[in-house]
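This report describes one strand and its pairing partners, followed by one loop residue. The structure is shown below.

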Amino acid sequence: MSTKTVAFAGNAFITTAATGASEVINDNGLANWNSASTITSAYFRMASAGAVTVGLNAYLAGSNNSTVKVTINGTAFNVQLSGTTPKTYPVGTVSVAAPGYVKVDLQGVTKDGGYFGDVSGLSITTSSATNFANDPANFYWSRRGPSVHMNYTIPPNNDYFYNEVTVPVGQDVVGSYFMAAGFDGGYSGIQVRENDRWVLFSVWDADNGQKTTLVSKGAGVVDNSFDHEGSGGQTYLVFNWIAGNTYKFITRIRPDGAGSTLYSAWFFAPELNTWRYIATWKRPATTAYQSGTHSFLENFIDTKGYTGRRALYGNQWGRNLNGTWTELTTGYYTGDATANNAQRMDYAGGVENGRFYLRNGGFFSDYVPLNATFSRPATGQIPAVDVGSLPTQ
């Protein structure tokens with residue numbers, strides 16, 4: 001048996017809250033807990049079935065006594081809190097039937113003052129090996145959740161890359177980026193923002209710091225600079241894309257003959273039945289064609305890190321300078337540092353019904369180990385697009 005502390009700062013979320021709720025998860029854990037309707041959920045993973053004994057590391061501020069309900073994988077316990085000194089309050093022991101994540105919900109029942117209590121974390125005692133976020137310097141990233149990638153090997157001297165992405169109904173949760181057409185130096189895909197949806201195309205600045213500049217953009221496309229994976233250029237189209245529909249992406253990368261490389265992107269929506277031009281960026285001091293071709297799936301809002309999402313990527317092709325299309329049927333599945341360092345283990349990837357898939361978030365149990373090669377069946381369906389006729393405005 002071993003006892004460990006699951007810090008709320010890296011492993012808990014406000015999962016149910018009324019409009020205007022004051023509760024927050026900060027560097028110290030759960031604070032401003034004054035609403036009985038708010039539910040806070042914390043997660044840790046057990047590597048094997050077995051019993052786990054849970055305690056609540058908490059103290060009172062603004063009340064002398066309170067009662068809180070702690071629910072462990074559906075089994076509820078009432079816990080009495082009192083006093084302003086931080087301590088571990090015993091909660092209870094439950095039997096976990098299979099390897100996977102354990103969910104612990106907190107909800108206020110009664111209090112004699114303003115707050116139910118401040119909670120820094122859980123104390124867990126079990127003979128099973130456990131995993132949870134334990135690197136405070138990276139709690140922001142662990143709360144966002146693991147990002148996963150599918151990497152495609154594209155032949156040399158391919159200037160075009162084509163991919164299709166489908167987000168299943170119900171998987172289009174706020175904070176999701178379903179990146180379809182990534183490359184060395186940038187990416188393009190679809191996002192769910194807080195208040196709208198974007199088709200995004202970004203290109204980083206050159207490795208020597210020289211700025212990427214906008215050459216042209218399509219109708220309705222917004223451009224702005226940003227500081228992200230290195231400064232660069234960002235363009236986006238506000239478009240209310242729909243879960244369940246399949247969207248197509250084309251990127252083109254080719255040297256301009258004067259020491260720079262031009263990066264262009266197009267987007268096809270079945271609702272529009274036409275290709276939309278996003279933009280062309282010029283990256284100085286770069287001579288490149290398609291390389292580092294990949295797709296990825298991420299959550300970009302840390303407070304939404306308890307939600308899950310998945311995407312299907314199908315019918316990948318590259319096109320070389322001679323106009324020959326090559327189907328890309330092999331994908332190499334990888335993850336970011338959050339996944340590689342086992343701060344989160346709710347990620348998966350592989351092949352499903354003839355397409356590559358990626359999944360992350362939601363604290364599901366059946367993760368798929370990283371660094372694996374998958375092959376999808378060939379479709380033989382060369383993209384039905386005349387790249388020479390793609391719009392440029």
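## Strand β25 and its partners

Strand β14 (residues 158–166) runs antiparallel to β25, and 7 bridges join the two. The model is predicted: local features need pLDDT of at least 70, side-chain atom pairs count only at pLDDT 80 or more, and totals for chains, interfaces and linings use all residues. Residues are numbered from 1 along each chain as its sequence is written, and side-chain values use heavy atoms, with hydrogens and water left out.

Strands (E, at least two residues) are DSSP runs numbered from the N terminus. Two strands pair if DSSP finds at least two bridges between them. The pairings of β25 are listed here.

| Partner of β25 | Sense | Bridges | Residues opposite each other |
|---|---|---|---|
| β14 | antiparallel | 7 bridges | Asn-158 and Asn-320 |
| β29 | antiparallel | 6 bridges | Ala-311 and Leu-358 |
| β26 | antiparallel | 3 bridges | Arg-319 and Trp-325 |

β25 and β26 form a hairpin with 4 residues between them. In the turn, Gly-323 has a positive phi of about 90 degrees.

Strand β25 covers residues 308–320, and 12 of its 13 residues are buried, so the strand is largely enclosed by the rest of the structure. Buried means under 20% relative accessible area, exposed over 50%, and partly exposed in between (1.4 Å probe, protein chains only).

Asn-371 lies in the loop between β29 (355–361) and β30 (372–375). With a relative accessible area of 45%, Asn-371 is partly exposed. Leaving aside residues up to four places away in sequence, Asn-371 touches Tyr-332, Tyr-333, Thr-334 and Asn-340; contact means heavy atoms within 4.5 Å.
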